[in-house]
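Here is a protein chain with its ligands. Take a look at the fold before reading on.

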Amino acid sequence: MSIAIVGAGAIGGYLGVRLAEAGEDVTFIARSNAAAIQADGMRLIEEDGTEIHSKSVKATRSMQEAGVHEVVLLTVKAHQVGPIAGDLKHLIGPDTVVVTMQNGIPWWYFMGGHGGEYAGTRLESADPGGLIADNLDPKHVIGSVVYPATVLSDPGTVKVIEGNRFGLGELDGSKSERVLALSQRLAKAGFRAPVTSDIRAEIWLKLWGNLSFNPISALTHATLEDICRFPDTRAIAAEMMREAEVIANKLGVTFRLGIDKRIAGAEKVGPHKTSMLQDVEAGRPIELEALVGSVIELGRLTGTPTPHIDTVFALMRLLAQSLERAQGRLAIQGA
Ligand SMILES: NC(=O)C1=CN([C@@H]2O[C@H](COP(=O)(O)OP(=O)(O)OC[C@H]3O[C@@H](n4cnc5c(N)ncnc54)[C@H](OP(=O)(O)O)[C@@H]3O)[C@@H](O)[C@H]2O)C=CC1
Ligand SMILES: CC(C)(CO)C(=O)C(=O)O
């Protein structure tokens with residue numbers, strides 16, 4: 001199967017190395033990592049320390065050069081999708097499947113057979129200016145939820161902290177041939193890739209954690225386990241989750257776990273810095289709009305107050321602005 005991975009970072013690298021070693025034809029669309037991968041492939045350090053060095057992966061900076069693929073795994077950060085949306089057409093043929101692998105509320109949330117009063121609604125926080133929806137037809141899209149924690153430790157090297165589950169689901173909930181085939185390919189590469197008939201519910205469950213732990217960690221520089229064990233931050237996270245649950249319920253989504261179990265799950269990940277804290281520490285732009293702003297936008301849409309989420313969002317916007325000033329660039333959309 002020909003697989004293009006757009007974004008050779010922490011998640012893209014994890015997927016790419018394992019898929020290539022399982023016999024798939026993998027090409028990375030890379031940027032800062034391109035030279036390292038072209039020179040010496042990609043390395044993966046597994047949870048148990050085992051190193052896999054894949055020399056068969058290819059890398060290019062140009063989607064045009066890469067051409068049409070059977071599967072496109074979109075593994076850039078949420079705010080990095082819009083700027084590349086216009087170029088994605090080079091990778092996509094009539095039967096190409098595009099898997100969106102970003103944390104947060106996806107740009108297609110109300111598309112692809114959502115139905116109801118919000119059908120077709122575009123979320124400005126997830127797709128500013130509509131760039132993505134204008135360039136990528138949701139009929140190509142399979143949704144996914146990324147559960148593992150990984151880091152890009154050096155150019156061309158990814159380290160797995162924990163986990164191997166990538167939930168998959170068609171936007172209309174069907175168990176199509178294409179989603180089942182993709183799940184099998186991922187399973188052959190050693191991932192758990194269950195197919196769900198309600199990908200939006202799965203996204204909310206993951207988002208509960210990212211919405212709360214990611215900004216709290218970015219503000220406090222605390223790890224997941226510390227946030228969960230310190231009673232005051234645990235309480236703030238729980239309040240944020242409660243507000244999000246009301247919104248999700250109004251959109252017809254129910255959670256298969258309670259808040260306490262969700263927090264316990266995050267605590268088990270241990271002394272891990274969330275990706276948002278890692279971005280703050282590295283001075284990179286943060287995924288604030290997709291992870292937090294989108295929930296506030298859905299709160300406004302459904303008439304749901306979100307006082308705790310609003311407060312944390314305001315603090316994060318100020319933090320992002322300070323980072324931006326320090327580096328002389330715009331760190332978040334709309335800041
Ligand atoms: N890492 C994790 O543990 C988890 C991540 N996620 C989610 O997965 C998604 C991906 O995250 P992650 O892998 O950590 O992010 P990374 O920043 O590690 O990887 C993103 C990669 O995309 C590349 N990229 C960005 N724009 C372009 C472009 N225009 N052309 C080519 N390459 C580009 C970046 O390159 P460059 O270096 O040049 O910027 C970078 O290598 C996010 O939505 C994140 O929230 C979800 C669960 C856990
Ligand atoms: C912490 C983790 C791995 C799970 O909540 C995550 O999704 C992130 O760091 O963004």
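The paragraphs below go through the annotated domains, then the sheets, then the two ligands.

Keep one point in mind from the start: this is a predicted model.

Begin with the annotated regions. UniProt, in an unreviewed entry, gives residues 3-105 as "domain: Ketopantoate reductase N-terminal". Helix makes up 26% of this stretch and strand 34%. Its end C-alpha atoms are 24 Å apart. The unreviewed entry also lists "domain: Ketopantoate reductase C-terminal", for residues 198-318. Here the chain is 78% helix and 0% strand. The end C-alpha atoms of residues 198-318 lie 35 Å apart.

Now turn to the sheet of seven strands. This sheet is open, and its pairing is mixed. Read across it and the order is β5-β2-β1-β6-β7-β8-β11. The edges are taken by β5 (58-60) and β11 (166-170). Each of these has a single partner strand, so one side of each has no neighbour in the sheet. On average, neighbouring strands of this sheet are turned by 25° against each other, with direction ignored.

One pair in this sheet deserves a visit. Strand β2, residues 25-29, runs parallel to β5, and three bridges link the two. To find the pairing on screen, look for Phe-28, which stands opposite Ala-59 in β5.

The other sheet to trace has four strands. This sheet is open too, with mixed pairing and the order β4-β3-β10-β9. What stands at its edges? Strands β4 (51-54) and β9 do. Each has a single partner strand, so one side of each is left without a neighbour in the sheet. The twist from one strand to the next averages 20°.

Follow this sheet from its β4 edge. Strand β3, residues 42-45, is joined to β4 by four bridges. The two run antiparallel. Met-42 has Ser-54 in β4 as its bridge partner. Together β3 and β4 make a hairpin, with five residues between them. Gly-49 sits in the turn and has a positive phi of about 95°.

At the β9 edge, the neighbour is β10, residues 157-162. These strands also run antiparallel, and five bridges join them. One bridge links Asp-154 with Thr-157 in β10.

Next come the ligands. How many residues surround ligand 1? There are 23, and the closest are Ile-11, Ser-32, Asn-103, Thr-150 and Glu-287. By class, the shell has 11 nonpolar, eight polar and four charged residues. Two elements, α1 (10-21) and β9 (149-154), each supply at least two residues of the shell. Strand β9 therefore has two roles in this tour: it is an edge strand with a single partner, and it helps to line ligand 1.

Some contacts of ligand 1 can be picked out by distance. A polar side-chain atom of Ser-32 is 2.5 Å from an oxygen atom of the ligand. For Glu-287, a polar side-chain atom lies 2.6 Å from an oxygen atom of ligand 1. Met-101 takes part through its backbone: an N or O atom there is 3.4 Å from an oxygen atom of ligand 1. Taken alone, ligand 1 exposes 900 Å², and the protein buries 86% of that.

Ligand 2 is the last stop. Its surroundings are Asn-103, Ala-149, Lys-206, Asn-210, Asn-214, Leu-224, His-272, Thr-274 and Ser-275. Two of these residues are nonpolar, six are polar and one is charged. Which helix gives the most to this shell? Helix α7, residues 199-220, does, with three residues.

Three asparagines reach the ligand with polar side-chain atoms. The Asn-210 atom is 2.9 Å from an oxygen atom of ligand 2. For Asn-214 the distance to an oxygen atom of ligand 2 is 3.0 Å. For Asn-103 it is 3.3 Å. Taken alone, ligand 2 exposes 290 Å², of which the protein buries 91%.

Asn-103 ties the two sites together on paper. This residue is listed among the closest to ligand 1, and it also belongs to the residues around ligand 2.

Methods
Residues are numbered from 1 along each chain as its sequence is written. Chains are lettered from A and ligands numbered from 1 in the order in which they are written. This is a predicted model: local features need pLDDT of at least 70, side-chain atom pairs count only at pLDDT 80 or more; totals for chains, interfaces and linings use all residues. Side-chain values use heavy atoms; hydrogens and water are left out. A residue is near a molecule or strand if one of its heavy atoms lies within 4 Å of it. A polar contact is a pair of N or O atoms within 3.5 Å; within protein, one must be able to donate a hydrogen and the other to accept it, and residues adjacent in sequence count only if both atoms are side-chain atoms. Accessible areas come from the Shrake-Rupley method with a 1.4 Å probe; for residues, only the protein chains shown count as cover. Ala, Val, Leu, Ile, Met, Phe, Trp, Tyr, Cys and Pro count as nonpolar, Asp, Glu, Lys and Arg as charged, and the others, Gly among them, as polar. UniProt positions are given in the numbering used here, feature names are shortened, and annotations may be inferred rather than shown by experiment. Two strands pair if DSSP finds at least two bridges between them. Axes are lines fitted to C-alpha atoms, for helices over the stretch in contact, and angles run from 0 to 180 degrees between N-to-C directions.
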